[in-house]
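Trainee: Please take me closely through one part of this model, together with whatever surrounds it. I would like one connected account, with the cut-offs stated.

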Amino acid sequence: MRTRALAPLLLLLPLATACGGQETGAAGARTVTVTVGYQSKTINTVTAGTLLRSLGYFEQELAARGERDGVTYKVDWQDYATGAPITAQMTAGKIDIGSMGDFPLLINAARGKELKQPTHLVSVTGYNLRGGLNTVVTAPGSKLESLADLRGKKVSTSVGSAADGTLVRALQRAGIDPDKGIQKLNQQPSVGASALQAGSVDALSQFVAWPGQLAFEGRAKALYDGAELNLPTFHGVTVREKFARERAGVLDDFLRAQQKATAYLRDRPVAAAESVAKETGLPAEVVYLYNGEGGIATFDPELRPELIAALKQDVPVLTAAKLVGAVDVDAFVDPEPLRRIAAAGGPAHPTAAAAARPALWLKGAPRTTAYDSPRELLKAVRAAGGSVRAAYVPDAVTGTPWFADKAVWVAEGAELRAFVTPAGAAAYVAAHFGGGARTVTYEEALGLAGAPS
């Protein structure tokens, strides 16, 4: 009888769903939980993850919505190391919105279709039009000098990631079979980093921010700059189709919040780097290398044609690796939510990436100072002495920013040029040997910067 008496009351309670609107509470009062999957240490996604979460912009948007419709909205932020588990949770209906790199996005699209939980790419977080977000690194004392030296060597990467895609393409261009020419180990980024330090692998191909972090800490040196491919790479936001259809307003709130976080990062790059560093434990200097003013990543939510075209070029790489079948990129990309935001007066964003300039970050400074040339930067470093926090310099050919003290320097007359990799510097010296181009150490470059030009 007790059960029978409770039955009418139970019918009044809303049914709980896995997420995307997990509703709980008594009749007339609802709580909706939105589940967001993100990668805190993949700092190219911070405007849809780490930074956005710390700023609370999404919660603010949802609070305003809740006041209008009488619903209490909550956000469940779930942090992962790579995009694969986010996709697994999305296709299980347990994550509503996720952020990941371009190659994982394609796997997300393929798995969603296969498992009848279709997803859509609705915005971009950060991108690099040349591919500079992915880097192959080796141990500091390694004798490896170029990608060609990897033939027959052990290389750690995360199969199916953007970094793996860079490795595959780079090896193919170097005339090395990516399947048979190296011994590839499929490892999580942290595992691969440990393997490199232990000497159990010869090189590591990974995405932002692992290469920069390892180089900054003196645990690796760059072997291959992904920007040499000159192919765009990016990270973006994907959403379950069902969630986007049933809770379009909430998705719009998320995208508005992402735009606000993007504006914050652009207007206060040092503060944003410090915030992300606090949340992730990453060095702020590393975060700024990628996310700072003129950093490796450009942040803009727009679904730029160059990025979508690059995504289509990625499909054959994943197909050859038997990670996906055919992927209909045009069906996967959904520009409508951003159009709704724009129609409602969303903020404008840069239409092109600004070229990186040499920059100096002094201790306690609220912004970095940019210089017109590497030589001028090194003069400023000499003058600042112990007050230097970090100095950044773009690669003379690819434009990829790197730490000045970790770069490979070339002197040519009065000119000083920096390169991310030894191979890049060697190629330049070989092409300009007649003009006296030669590699020099960082200390020598500092000395030359102080000499009369």
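Mentor: What follows looks at one strand, then at its partners and the core around them, and ends with a brief turn to another sheet. The model is a predicted one, in which local features need pLDDT of at least 70 and side-chain atom pairs count only at pLDDT 80 or more, whereas totals for chains, interfaces and linings use all residues. Residues are numbered from 1 along each chain as its sequence is written, and side-chain values use heavy atoms, with hydrogens and water left out.

The part I would choose is strand β11, residues 233-240, where strands (E, at least two residues) and helices (H or I, at least four) are DSSP runs numbered from the N terminus. Of its 8 residues, 8 are buried, a word that here means under 20% relative accessible area, with exposed meaning over 50% and partly exposed lying in between (1.4 Å probe, protein chains only). T233, H235, V237 and V239 point one way from β11, while F234, G236, T238 and R240 point the other way, and residues on both sides are buried.

Strand β11 has pairing partners, where pairing requires that DSSP find at least two bridges between two strands. Strands of a sheet pair through backbone hydrogen bonds, either parallel or antiparallel. With strand β4, residues 97-101, β11 pairs in the antiparallel sense over 5 bridges, and S99 stands opposite V237. With strand β5, residues 119-128, the pairing is again antiparallel, over 7 bridges, and T119 has R240 of β11 as its bridge partner.

Strand β5 also holds G126, which counts as buried because its relative accessible area is 0%. Leaving aside neighbours within four places in sequence, G126 is in contact (heavy atoms within 4.5 Å) with N44, L133, F234, H235, T298 and F299, so that F234 and H235 of β11 are among its partners. By contrast, the C-alpha atoms of G126 and E279, which lie 153 residues apart along the chain, are separated by 19 Å.

L121 leads from here to the core: beyond its neighbours within four places in sequence, it is in contact with L105, F234, G236, V237, T238, L303, I308, L311, F332, V333 and D334. A nonpolar core is a set of buried Ala, Val, Leu, Ile, Met, Phe, Trp, Tyr and Cys residues joined through side-chain atoms within 4.5 Å. In the largest such core, of 107 residues, those with the most contacts inside it are I43, F58, I97, L121, F254, Y290 and W409. Helix α10, residues 248-267, gives the most to this core, with 8 residues. Apart from it lies another core, of 15 residues, among them L144, V155, L167 and L231. In soluble globular proteins, nonpolar side chains tend to be buried together.

For comparison, consider an open sheet elsewhere in the listing of strands: 4 strands, in the order β14-β13-β15-β16, form it with antiparallel pairing. Its edge strands are β14 (369-370) and β16 (401-403), each of which pairs on one side only. Within this sheet, β13 (residues 359-362) and β15 (residues 388-394) are joined in the antiparallel sense over 4 bridges, and W361 has A390 of β15 as its bridge partner.
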